[in-house]
Amino acid sequence: MKDRSFLKLEVSQHEKARFEEFCERFDLSQLRAGTKLFSWFLKQESLIQDLVMDRVNPLLRAEAKRQLVEKLVPPPEKVPSEFPTETAKRSAG
């Protein structure tokens, strides 16, 4: 078995309830869901971590989010044909 460490988190009752709903929706234990989210976050580049942690200057936040969307969402001409764009769906229908 891998050497594992455990962390203790403090959240509000509302956040705990939302997390429980999230776990149910994805059929994950709270431990597994928390581990996956934590691991994902630590693998992200600093821009994503800074945005999530609200550490981006408010004057630059909109530009940082735009850059992030550009990285995460391919331009329409690079979307695989099995994922038609909204324009293609409208013209086909």
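Where in the chain is the place of Asp27? Let me begin there: Asp27 sits in the loop between H1 and H2, and please keep in mind throughout that what we have on the screen is a predicted model. The backbone at Asp27 deserves a moment, since its phi is near 50 degrees, which is a positive value in a residue other than glycine. With a relative accessibility of 72%, Asp27 counts as exposed.

Let me step back to the chain as a whole before returning to single residues. The secondary structure amounts to 5 helices and 0 strands, so that reading along the sequence gives the pattern α-α-α-α-α. Of the 93 residues in the chain, buried residues make up 11%. If we take the contacts between residues at least 6 apart in sequence, 12% of them join residues that are at least 24 apart. As for the surface, the chain exposes about 8,800 Å², and carbon and sulfur atoms supply 57% of that area.

Now to the second residue with a positive phi that I would like to show, which is Asp54. Its phi is near 60 degrees, again in a residue other than glycine, and its place is in the loop between helix H3, residues 46-52, and H4. Asp54 is exposed, with a relative accessible area of 53%, and its side chain also takes part in a salt bridge with Arg61, at 3.0 Å from N to O. Arg61, for its part, is partly exposed, with a relative accessible area of 23%.

That brings me to the charged pairs more generally. Side chains of opposite charge can pair when their charged atoms come close. How many salt bridges does the count come to? The count comes to 4, and Asp54 with Arg61 is one of the pairs.

In helix H1, which spans residues 13-25, the pair to look at is Lys16 and Glu20. Their side chains meet in a salt bridge at 2.3 Å, N to O, and because the two residues are 4 apart in that helix, they are separated by about one helical turn. Both ends of this bridge can be placed on the accessibility scale: Lys16 is partly exposed at 36%, and Glu20 is partly exposed at 30%.

In helix H4, residues 58-72, we find Arg66 and Glu63, which are 3 residues apart and therefore also separated by about one helical turn. The closest N and O atoms of their salt bridge are 2.3 Å apart. Arg66 counts as partly exposed at 39% relative accessibility, while Glu63 is partly exposed with a relative accessible area of 36%. This pair does not stand by itself, for Glu63, Arg66 and Glu70 are linked in a network of salt bridges.

Let me turn next to the surface patches. Which residues form the positive surface patch? Lys2, Arg4, Arg32, Lys36 and Lys43 form it. To take one of these as an example, Lys43 lies in helix H2, residues 30-43, and it counts as exposed, with a relative accessibility of 70%.

There is a nonpolar surface patch as well, of about 330 Å², and it is made by Leu7, Phe38 and Leu42. Leu7 is found in the segment before H1, and, at 62% relative accessibility, Leu7 counts as exposed.

My final residue takes us away from the surface. Is Ile48 buried or exposed? Ile48 is buried, because its relative accessible area is 9%, and the cut-off for buried is under 20%. Ile48 lies in helix H3, and if we leave aside its neighbours within four places in sequence, Ile48 is in contact with Trp40 and Leu68. One further distance may help you to orient yourselves in the model: the C-alpha atoms of Ile48 and Lys65, which are 17 residues apart along the chain, are separated by 8.8 Å.

To gather this up, I have taken you through a predicted model with 5 helices and 0 strands, through salt bridges including Lys16 with Glu20 and Arg66 with Glu63, through a positive patch that includes Lys43 and a nonpolar patch that includes Leu7, and lastly to Ile48, which is buried. Thank you for listening.

How values were computed. Residues are numbered from 1 along each chain as its sequence is written. This is a predicted model: local features need pLDDT of at least 70, side-chain atom pairs count only at pLDDT 80 or more; totals for chains, interfaces and linings use all residues. Side-chain values use heavy atoms; hydrogens and water are left out. Patches are made of residues with over 30% relative accessible area and no salt bridge: like charges are joined within 9 Å, nonpolar side chains (Val, Leu, Ile, Met, Phe, Trp, Tyr) within 5 Å. Accessible areas come from the Shrake-Rupley method with a 1.4 Å probe; for residues, only the protein chains shown count as cover. Lys and Arg count as positive and Asp and Glu as negative; His and the chain ends are not counted. The place of a charge is taken as NZ of Lys, CZ of Arg, CG of Asp or CD of Glu. Buried means under 20% relative accessible area, exposed over 50%, partly exposed in between (1.4 Å probe, protein chains only). Contact means heavy atoms within 4.5 Å.
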